[in-house]
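Please take a moment to look over the two views below before reading on. The paragraphs after them lead from one part of the model to the next.

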Amino acid sequence: MTAPLTTTPARPAAAPRGRRRRAYKGERTLRNSVVALIIAFNAVLLVYPIASAFSGSFHQWNPLNGTYRWIGGDNYAELLHDPTFWTSLTNTLYFSVVVIAARVVLGLALAYAIWSQVTRHKTFFRAVFYMPTVTPMVAIAYVWKMMYNPQIGIFHTFLGIDINWLYDSTWALPAIMFMTIWKDFGYAVILFLSALHSLPEDTLEAAAVDGAGSWQRLRHIILPLLHPMTIFVVITSLISYAQAYVQILIMTQGGPGKSTFLISYIIFDEAFQQYDFGYASAIAFVLLIITAALTAVSFGVSARRSGGRA
Amino acid sequence: MSKRLQTIVLEGVLLVLGVTTVFPFVWMLFSAFKPNSEIRSLDQTLLPRQWTLENFLGLQDTFDFVRFFANSLGVALAITAVTIYTSCLCGYVLAKYRFRGRNAIFGFILGTMMIPWAVTIIPRYTMFEAWGLRDSYLSLILPAVLSGFGIFMLRQSMADVPDAILEAARIDGASEIYIFHRIVLPMSRNPISALTIFQFLWAWEDYLWPYLMIDSEDKQVLAVGLTTFSGRYGTDYGGLFAATTISVLPVLIVYLIFQKRFIAGAAAAAVKG
């Protein structure tokens with residue numbers, strides 16, 4: 001298995017490079033239309049918005065009273081002194097690290113258990129663990145909000161645990177993190193399972209013949225081979241958790257206090273509840289830079305660990 | 001511990017975890033059939049003591065729930081259809097045609113998948129407002145015309161379509177459009193099913209964009225409708241259970257029917273390279 005996310009998959013050797021065949025009739029038209037569509041769409045709906053958000057982050061920008069005034073780096077300076085921003089940043093880091101770690105560990109453990117041990121009902125387990133992932137977040141957040149409810153929720157009525165989860169600043173964020181882990185771990189199970197199924201069987205057999213126990217096999221052969229998939233899961237999770245806001249919006253709206261503010265939620269709040277577009281854009285760019293940096297670091301770690309192969 | 005015993009114990013552990021995973025769904029479903037008095041009672045059971053359809057019937061009385069549902073369905077289906085088609089088209093060209101700039105375009109598309117929504121949403125909001133697209137279904141569908149994820153996924157799988165088949169068809173005089181529709185599309189059934197479910201789910205659960213774009217209640221989608229419902233009828237737990245059940249069911253049913261093909265397609269997109 002090669003690393004995921006490579007841009008040029010290996011081509012069959014049958015088509016020698018360099019000897020270009022003549023373009024067939026219609027090929028050029030189709031290619032030009034597709035390229036034009038990609039360029040036009042991204043120019044209008046991606047590149048232009050990014051540029052205009054970047055410029056907007058240097059402006060005092062309020063759509064309600066029509067203000068659009070250059071203020072230089074003031075939005076960024078304000079960020080540095082904004083305790084809500086710092087709280088949301090540390091919350092987001094805490095949230096992402098724990099949820100991603102749980103996702104990878106649970107995903108790997110369950111996938112390995114299913115792959116190595118389960119003979120019957122494989123499909124059943126895959127389907128069950130993946131179910132929450134393919135369910136709409138808005139609805140799920142409501143169901144969990146009711147599950148955490150101190151009067152009608154299951155923790156109170158079935159388990160007798162009396163904690164007002166979402167209204168207690170110690171428990172609110174962990175409660176949302178727990179729900180997110182529940183919702184998302186199945187994605188990692190599916191991906192790790194598919195990576196396990198594509199492991200080279202002869203290598204595993206050779207190790208068994210050489211007397212490697214199942215733990216040694218896991219530790220020294222399987223886990224290193226799963227490394228590219230692990231990095232893939234970490235990076236995609238990183239990108240998606242940096243953007244998580246729906247569960248916050250529905251379950252706590254950032255409260256109690258500031259205990260569940262996540263960075264994407266304050267962007268939503270600053271932009272569409274306070275209508276401070278300039279400030280929200282500045283936070284969005286900080287988020288973009290952090291995500292890009294962490295992604296680059298993950299790729300770097302991956303490249304070093306696999307000897308520059310990834 | 002013998003191998004057999006080990007397997008039994010492990011399957012037991014997995015079963016417990018599986019039951020825990022589906023429990024919230026089961027609880028939601030059964031609670032939707034309980035009268036409100038029972039949902040609030042101190043003495044709880046999983047199964048309703050008294051089954052009632054009141055929660056479901058009540059939804060329509062206080063709220064045009066059916067309208068929200070139909071809007072969501074229409075918008076999600078339109079977005080899914082458009083995205084699938086463009087993803088296949090772009091995926092095919094990027095996988096099978098060789099031209100200058102191809103890798104640059106593909107790299108760019110990979111990059112677009114990493115841009116957080118927060119970066120582009122404010123300018124998009126002001127642009128769509130300036131174009132007079134506020135409160136139209138077009139405003140919901142337009143941003144979904146191209147999907148970076150979809151193109152990535154379909155390109156990966158279309159790279160596997162053998163060149164020989166395409167060449168043979170060309171020699172027989174088939175046009176590119178014909179080859180794409182009659183040969184390439186049917187060969188991509190697995191990734192298409194996976195993308196269909198993902199895209200349908202994302203369109204179905206999307207909250208922020210319809211919340212920003214749609215003002216009239218009769219055009220609103222279910223995800224936003226749910227939040228206004230719970231805001232207005234904050235203590236009607238039974239209604240909320242019924243509403244969430246209905247909003248979860250379509251996606252879950254489609255998933256359970258197609259899950260085999262879907263999982264194969266979803267996994268292949270990530271392992272390939």
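What follows goes through the annotated spans, the contact between the chains, one helix pair and the salt bridges.

This is a predicted model, in which local features need pLDDT of at least 70 and side-chain atom pairs count only at pLDDT 80 or more, while totals for chains, interfaces and linings use all residues. Residues are numbered from 1 along each chain as its sequence is written, chains are lettered from A and ligands numbered from 1 in the order in which they are written, and side-chain values use heavy atoms, with hydrogens and water left out.

For chain A, an unreviewed UniProt entry lists as "transmembrane region" residues 29-51, 93-115, 127-144, 171-193, 221-242 and 277-301; such annotations may be inferred rather than shown by experiment, and their positions are given in the numbering used here, with feature names shortened. Among these spans, residues 221-242 of chain A are 95% helix and 0% strand, with end C-alpha atoms 32 Å apart, whereas residues 127-144 of chain A are 67% helix and 0% strand, with end C-alpha atoms 21 Å apart. Helices here are DSSP runs (H or I, at least four residues), as are strands (E, at least two), numbered from the N terminus.

For chain B, the unreviewed UniProt entry gives residues 12-33, 68-93, 105-125, 137-154 and 237-258 under the same heading of "transmembrane region". One of them, residues 237-258 of chain B, is 100% helix and 0% strand, and its end C-alpha atoms lie 32 Å apart.

How do the two chains meet? The contact, meaning heavy atoms within 4.5 Å, takes 105 residues from chain A and 101 residues from chain B. The area buried between chain A and chain B (accessible area, with a 1.4 Å probe, lost on putting the two together and summed over both) is about 9100 Å², and carbon and sulfur atoms give 76% of that area.

Within this contact, A:Val35, A:Ile38, A:Asn42, A:Leu46 and A:Val47 in α1(A) meet B:Ile105, B:Phe108, B:Ile109 and B:Thr112 in α5(B). These residues divide into seven nonpolar, two polar and no charged, where Ala, Val, Leu, Ile, Met, Phe, Trp, Tyr, Cys and Pro count as nonpolar, Asp, Glu, Lys and Arg as charged, and the others, Gly among them, as polar.

Salt bridges (a side-chain nitrogen of Lys or Arg within 4 Å of a carboxyl oxygen of Asp or Glu) number five over all chains, yet the count between chain A and chain B is zero. B:Arg134 forms one with B:Asp215, the closest N and O atoms being 3.1 Å apart.
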